[in-house]
Amino acid sequence: MDNIKVLSKLLDIQTVIAGWILRLIIIIILILAGIHFNENPIGITIVIIIGLILMLLISRDYTLLLSSLGLIVRKTILGIWNKDEIIEYSKIESIIYTGDYTLSKEIFFDLMLGDLAPNPNFVKIKFKDGSLKKFRYYIFKNRIIDFVTLGNNLIKKK
């Protein structure tokens, strides 16, 4: 068996940055809530609990394309708990790309529409049993097309 190497990685950096910004905002709210705890202990306790739960729910997901095994979809919560889903090449019929999220659209949406997010790109995995699994990414089109092309080439070899 050959060594398993990571050939490509899809990491939605926009989501990672937004997650860190959201964590920072939650930490600031928790600090301010703690300062005012004596004014309304029950209300502040509820705010603190909700803030801590939100921090635990923020995830950093990514997809790895491996040399021989298949795809690994990793879901991470605070970098502490990881849930890996291994999708073997032998079970995949094809990997499909849909969407048109590009740098020019990102610039347009930033300039014209402020914080309204454009439509994301999707990677769809079509299995040999006919089922379909879909993953959403705010990653530019050319990066996902490279990932999908490499993945389909590996599937053909298996």
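**Salt bridges**

I started with charge pairs in this predicted model. How many salt bridges does a search of the whole structure find? The search turns up one. The partners are Glu93 and Lys126, and their closest N and O atoms sit 3.7 Å apart. I noted the cut-off here: a Lys or Arg side-chain nitrogen has to be within 4 Å of an Asp or Glu carboxyl oxygen, so 3.7 Å makes the list. Background for myself: side chains of opposite charge can pair when their charged atoms come close.

Next I checked where the two partners live. Glu93 belongs to strand E5 (residues 92-98) and Lys126 to strand E6 (residues 121-127), so the bridge ties together parts that are 33 residues apart in sequence. Buried or exposed, or in between, for Glu93? Glu93 comes out partly exposed, at 43% relative accessible area. Lys126 is also listed as partly exposed, with 32%.

**Whole chain**

I then stepped back to the fold. I count four helices and seven strands in the protein chain. Reading from the N terminus, the order is β-α-α-β-β-β-β-α-β-β-α. Of the 158 residues, 32% are buried.

I also looked at contact range. Taking contacts between residues at least 6 apart in sequence, 55% join residues at least 24 apart. The chain exposes about 10,200 Å², and carbon and sulfur atoms supply 64% of that.

**Helix H2**

H2 covers residues 41-57. I checked its length: H2 has 17 residues and reaches 24 Å from first to last C-alpha, close to the 24 Å expected at 1.5 Å a residue. Which residues of H2 are buried? I get Ile44, Gly51 and Met55. Seen down the axis they fall within an arc of 35°, so they line one face of the helix. The face turned away from that buried side carries the exposed residues Ile42 and Leu57.

I picked one residue from each side. Met55, in H2, has 14% relative accessibility and therefore counts as buried. Ile42, also in H2, has 64% and therefore counts as exposed. The cut-offs I used are under 20% for buried and over 50% for exposed.

Ile42 shows up again in a surface patch. Ile42, Ile46, Ile49, Ile50, Ile53, Leu54 and Leu57 form a nonpolar patch with about 690 Å² of accessible area together. Leu57, on the face of H2 turned away from its buried side, is in that list too.

**Helix H1 and its partners**

H1 runs over residues 13-35. I sampled two of its residues. Val16 lies in H1 and counts as buried at 14% relative accessibility. Ile31 lies in H1 as well, but with a relative accessible area of 51% it is exposed.

For distances I went C-alpha to C-alpha. Val16 and Ile58 are 42 residues apart along the chain, and their C-alpha atoms are separated by 9.2 Å. Ile31 and Ile48 are 17 residues apart in sequence and 9.1 Å apart in space. Met55 and Arg23 are 32 residues apart in sequence, with 6.1 Å between their C-alpha atoms.

**Helix H4**

I ran the length check on H4 (residues 141-157) too. At 1.5 Å a residue its 17 residues should span 24 Å, and the end C-alpha atoms are 25 Å apart, which agrees. The buried residues in H4 are Ile144, Phe147, Val148, Gly151, Asn152, Leu154 and Ile155. They cover an arc of only 160° around the axis, which puts them on the same side of H4. A reminder on the spacing: an α-helix has 3.6 residues a turn, so residues three or four places apart point the same way.

What does the face of H4 turned away from the buried side carry? I find the exposed residues Asn142, Asp146, Lys156 and Lys157 there.

**From H4 back to strand E1**

My last lookup was a pair from distant parts of the sequence. Leu7 sits in strand E1 (residues 6-11), and at 40% relative accessibility it counts as partly exposed. Gly151 is one of the buried residues of H4. Leu7 and Gly151 are 144 residues apart along the chain, yet their C-alpha atoms are separated by 9.3 Å.

Conventions:
Residues numbered from 1 in each chain as written. Predicted model: local features only at pLDDT ≥ 70, side-chain atom pairs only at ≥ 80, totals over all residues. Heavy atoms only, no water. Helix = DSSP H or I, 4+ residues; strand = E, 2+ residues; numbered from the N terminus. Expected span 1.5 Å × (residues − 1). Buried < 20%, exposed > 50% of the residue type's maximum accessible area, 1.4 Å probe, protein only. Arc of directions from axis to C-beta. Contact = heavy atoms within 4.5 Å. Areas by Shrake-Rupley, 256 points an atom, 1.4 Å probe, with all protein chains shown as cover. Patch = residues over 30% accessible without salt bridge, like charges linked within 9 Å, V, L, I, M, F, W, Y side chains within 5 Å.
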